Amino acid sequence: MSLYGLVAAFAAPEALIEAARGMRERGYRRMDAFSPFPLKELDEILEIRATRLPWAVLAGGIAGAALVYALIWYSVEIDYPINVGGRPLHSWPPFVVIAFEAGILGAAFAGFLGVLAANGLPRYHHPVFNAESFSYARGGKFYLLIEAADPKYRKGVTRGQLTRLGAETVEEVEA
């Protein structure tokens, strides 16, 4: 098996944050952190971009509403025009209710598919789960993963740096 990277376990969230900051200052870019709860400081250190999911949900909602409104308009105006009670064919108030519901449906589909795409799903297994120490059952530690694909990665050097930054254990992760 090939090497995916090194994972270091830390006892406290502050140690993980300082280690991530230290590795970033040393030039490492391809790394990830794992914590039992969110740590806001890691977003900036790991350069995690803001999500584009709200824009995808908005686009899905607008597309769903526009598509259904156009479908209703086409069926009433062009495909099967029936004049009932002298009302205009394009009477928009009843169209809006169905278009609104279709907009909500489109937004829900876009949100669902966006979450799958943003998380790289369906992915059945991440290499970090190959690490023996990476287990919540062993105490819910805080982990920093340095990928072997990082240009600064040198197995012995990176291991030493993680140890000096306070890692309790440093383990190789097989791909």
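This passage describes the cores, helix packing and selected residues of a predicted model. Local features were taken only at pLDDT of at least 70 and side-chain atom pairs only at pLDDT 80 or more, while totals for chains, interfaces and linings use all residues. Numbering starts from 1 along each chain as its sequence is written, and side-chain values use heavy atoms, with hydrogens and water left out.

Helices (H or I, at least four residues) and strands (E, at least two) are DSSP runs, numbered from the N terminus. Buried denotes under 20% relative accessible area, exposed over 50%, and partly exposed the range in between (1.4 Å probe, protein chains only). A nonpolar core is a set of buried Ala, Val, Leu, Ile, Met, Phe, Trp, Tyr and Cys residues joined through side-chain atoms within 4.5 Å. Contact requires heavy atoms within 4.5 Å.

The largest nonpolar core holds 22 residues. Within this core, F10, L16, L42, L144, I146 and L162 touch the most other members. Two or more residues come from each of β1 (3–10), α1 (13–25), β2 (31–34), α2 (40–45) and β3 (142–147). Helix α1 contributes the most, with 5 residues. A second, separate core has 9 residues, among them A131, F134, Y143 and V173. Beyond its neighbours within four places in sequence, L42 contacts L16, I17, A20, A33, E47 and I48.

One of these partners, E47, sits in the loop between α2 and α3 (53–79). E47 is not a glycine, yet its phi is positive, near 55°. E47 counts as exposed, at 53% relative accessibility. R24 of helix α1 also touches E47. R24 is buried, with a relative accessible area of 12%. The other residues that R24 touches are R29, M31, I45 and L46, with residues up to four places away in sequence not counted.

Helices α3 and α4 (92–118) pack against each other. Their axes come within 6 Å and cross at roughly 145°. Axes here are lines fitted to C-alpha atoms, for helices over the stretch in contact, and angles run from 0 to 180 degrees between N-to-C directions. The crossing of α3 and α4 is right-handed. A crossing is right-handed if the near helix is turned clockwise from the far one by less than a right angle, and left-handed if anticlockwise. From α3, the contact includes L53, A56, V57, G60, G61, G64 and A65. From α4, the contributors include A99, A102, G103, G106, A107, A110 and G111. By class, this contact has 17 nonpolar, 7 polar and no charged residues. Here Ala, Val, Leu, Ile, Met, Phe, Trp, Tyr, Cys and Pro count as nonpolar, Asp, Glu, Lys and Arg as charged, and the others, Gly among them, as polar.

Two residues of this helix pair were examined individually. A107, in helix α4, is buried, with a relative accessible area of 19%. A107 touches V57, G60 and G61, not counting residues up to four places away in sequence. A107 and A59 are 48 residues apart in sequence and 7.4 Å apart in space, C-alpha to C-alpha. W73, in helix α3, is partly exposed at 34% relative accessibility. Outside its neighbours within four places in sequence, W73 contacts I78, H90 and F95. W73 and L144 are 71 residues apart in sequence, and their C-alpha atoms are 55 Å apart in space.

The loop between α4 and β3 contains P122. A cis peptide bond joins L121 and P122, with omega about 0°.

Helix α5 (residues 155–164) has buried residues T158, Q161 and L162. Viewed down the α5 axis, the buried residues fall within an arc of 100°, so they line one face of the helix. The arc is that of the directions from the helix axis to the C-beta atoms. An α-helix has 3.6 residues a turn, so residues three or four places apart point the same way. On the other side of α5, G156 and R164 are exposed. The cover over the buried residues of α5 includes β1, α1, β3 and β4 (169–174). Q161 is buried at 13% relative accessible area. Leaving aside neighbours within four places in sequence, Q161 contacts M23, R26 and Y28. Just after α5, G166 takes a positive phi of about 100°.
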